[in-house]
Amino acid sequence: MAYELNVAHLYGDLLNTYGDNGNLLALGYYAKQMGVELKTTVISLDDKFDPSDWDIVFFGGGQDFEQSIVSKDIQNKKEDLTSYIEDGGPMLAICGGYQLLGHYYIGADGEKIKGISALDHYTLSQDNNRFIGDIVIKNPDSGDEYHGFENHNGMTFLGEGEKPLGIVEEGHGNNDKDNSEGVVYKNVYGSYFHGPILTRNGNLAKKILLTALKRKYPDADLSKQEALEIQPTF
Amino acid sequence: MSLKSSFAKFAGKSSYWFLHTFRSGGSSFPGKITTKIDPDILKSLGKDYDVIVITGTNGKTLTTALTVKVLRQKYEHVLTNPTGSNMEQGIVTTFLTDHKTKNGKNLAILEVDEANVIKVTKYIKPLAFVFTNIFRDQMDRYGEIYTTYQKILDGVALAPEATIIANGDMPIFNSKKLPNPIIYYGFNDRPDGELRAHYNTDGVLCPVCQHIIHYKFITYSNQGKYYCPNCGWHRPELRYQVTALSKLTPNNSKFFIDGSNFNIHIGGLYNIYNALAAYSVGKFMGVSTSAIQKALNDPDERVFGRQEQINVDGKEVTIVLVKNPVGLNQVIDMVGTETEPFSFVGLLNANYADGLDTSWIWDGNFEKLTTMNIKQYVTGGERYKDITFRLKVAGVQDNQLETYNNLKDAVANIKNLPTKRVYVFATYTAMLQLRKQLATDGYIKEGIA
């Protein structure tokens, strides 16, 4: 393969619900078509996250118990993760991962669980309700449409500098109030899509791969990679 | 018995008689009528029975079926609930329609849904509970593994004297202090090594110190001889154990428990756990080893939708029900023991009974299929696009893959497959639709086997 990208799977052994791993499989599938080899490493409890080691970061969601453990550990990686993000590092964060990038979230039992405040959102919980079902969103800037399945108790409210990943056409989205779903901040994408998001939305996988390639190989001719056509899978 | 209970029983029995005489079915409705009239009806229905409750995510149905077989070696009459009737109303119907013996205690072996354990123990104090396992399962309906276990324990708390017969290889069953006597069963069939579970595995945090647990060996998923390298927490002492595996094929397993040889006419390591659970209950109830061997070796009973074999114009078609990642990975391993070349059919639906969310297929190790001697892949079901893309990502080539958006054509095509053996993986409603189509085409009889 002509290119190689190093992927950090943040807490991959603890946060991996709802087929999150499918995001990495889809990323690998499209990477192969671009002539790119992905090397994935799980970065977990007590491991150091060195921003210069990684070209893509994937951060999944998990059960409350595991997320509360991650919330404590990730405080030690807060500065390194923030600098990776501010430096334009591409990242995909789903559900719990998305929540932990913000200021805090309220767990199912009402406990306030601390995030790393790398992004300016926060997350509340609903009483005895979850947003569950098929969801379709559209990004107003790119016109991209994303299809997926959502299943979350959290209600996330975006803050300064954050744009939604899309406007909800069908489903609930971040909070069922402001029509937003997910987040885009620099090269970070956050979402409540499970399903997993990249298996149904190959164009987002392509976008993340291209960003990472351009960042790592600034002088390379990537016109072939940019020309890759992705067939819909939904 | 109170007048209200008698009337409730009469109403329930009458509706059962009506439904069975004039319709085919009725396992939940009579229970519904009965509990409506007398909400406490289980108390009077269950009072002449010793009850054993079998619960957990996977293996409830087969463990229940095997346990009933084992206990019939010693007990003349054993009551059990039919497949799919593991909620409160189905259980009421089960008791309602039993013809119990007049003398002495009767025995009931009940498969009970995790959240319904408390609905049983509110009225009946079981002799024992069997905990098979707890895995991630249809998460649009169920909660997390920890909340599922807590639901079971909320029910067990009402019966603190009942013995718990638990899968000792499953860490979660050793995570809470309970007043009940506990007997553990598990595997001890291989030498110690030093392992961690695959990263995409649930339930690998030590409940004492929250470090990632390690293993001396892993049987599958997060089960095995676990220990915490940080605080020393470890697998409890096993009372009953699988001491060796001697032969595994897709429809037969030979193994040793506590040094005695056993043979079951069903494949898959997960089913050896189910047999071990049935053995443990048998031992607990005083059934002899030779009687348990005889019961488990009896080939006559197939459990509905679980490895059912059907002849389609000379093709040996095996239907396997799949519903969650751990179960899926286990049946993938099971077909991996096939020695002949075969064809693989994957039928995916996403109705309520299947789970509305198809994301669980991405936690299945379909990549492993590509290492097997599979000549042809077929995909179908209402969510055929999802399963087709999953197989492509796993590495299945387009020229090996056929996709059908309707079951009629998929069934019609089975006779054209290039192999004699065919394995069909189907979600619950896809399996029902497939059986219906096979019945319409005359390959099987209508209705539930």
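1. Let's start where the two chains meet: across the interface of chain B and chain A, two salt bridges are found, a salt bridge being a side-chain nitrogen of Lys or Arg within 4 Å of a carboxyl oxygen of Asp or Glu. Arg196(B) forms a salt bridge with Asp13(A), and the closest N and O atoms there are 3.5 Å apart.

2. Before going on, please keep in mind that this is a predicted model, in which local features need pLDDT of at least 70 and side-chain atom pairs count only at pLDDT 80 or more, while totals for chains, interfaces and linings use all residues. Residues are numbered from 1 along each chain as its sequence is written, chains are lettered from A and ligands numbered from 1 in the order in which they are written, and side-chain values use heavy atoms, with hydrogens and water left out.

3. Back to the interface. Between chain B and chain A there are 10 residue pairs in polar contact, both residues at pLDDT 80 or more; a polar contact is a pair of N or O atoms within 3.5 Å, where within protein one must be able to donate a hydrogen and the other to accept it, and residues adjacent in sequence count only if both atoms are side-chain atoms. On the side of chain B that touches chain A, α7 (145-156) and α11 (384-394) of chain B each supply at least two residues. The helix α11(B) gives the most to that side, with six residues. Helices here are DSSP runs of H or I with at least four residues, strands are runs of E with at least two, and both are numbered from the N terminus.

4. How many residues does the contact take from each chain? Chain B gives 31 residues and chain A gives 33 residues, contact meaning heavy atoms within 4.5 Å. Together the chains bury about 2,700 Å², 58% of it on carbon and sulfur atoms; this is the accessible area (1.4 Å probe) that two parts lose on being put together, summed over both.

5. In chain A, Arg130(A) is covered by the UniProt annotation "binding site" from an unreviewed entry. Arg130(A) sits in the loop between β7 (122-125) and β8 (131-138) of chain A. Leaving aside neighbours within four places in sequence, Arg130(A) is in contact with Tyr18(A), Asn151(A), His152(A) and Asn153(A).

6. Inside chain B, strand β13 (residues 315-321) has six of its seven residues buried, that is, under 20% relative accessible area (1.4 Å probe, protein chains only). β13(B) pairs with strand β17 (residues 421-426) of chain B in the parallel sense over six bridges, pairing needing at least two DSSP bridges. Thr318(B) stands opposite Tyr423(B) in β17(B).

Conventions. Buried means under 20% relative accessible area, exposed over 50%, partly exposed in between (1.4 Å probe, protein chains only). UniProt positions are given in the numbering used here, feature names are shortened, and annotations may be inferred rather than shown by experiment.
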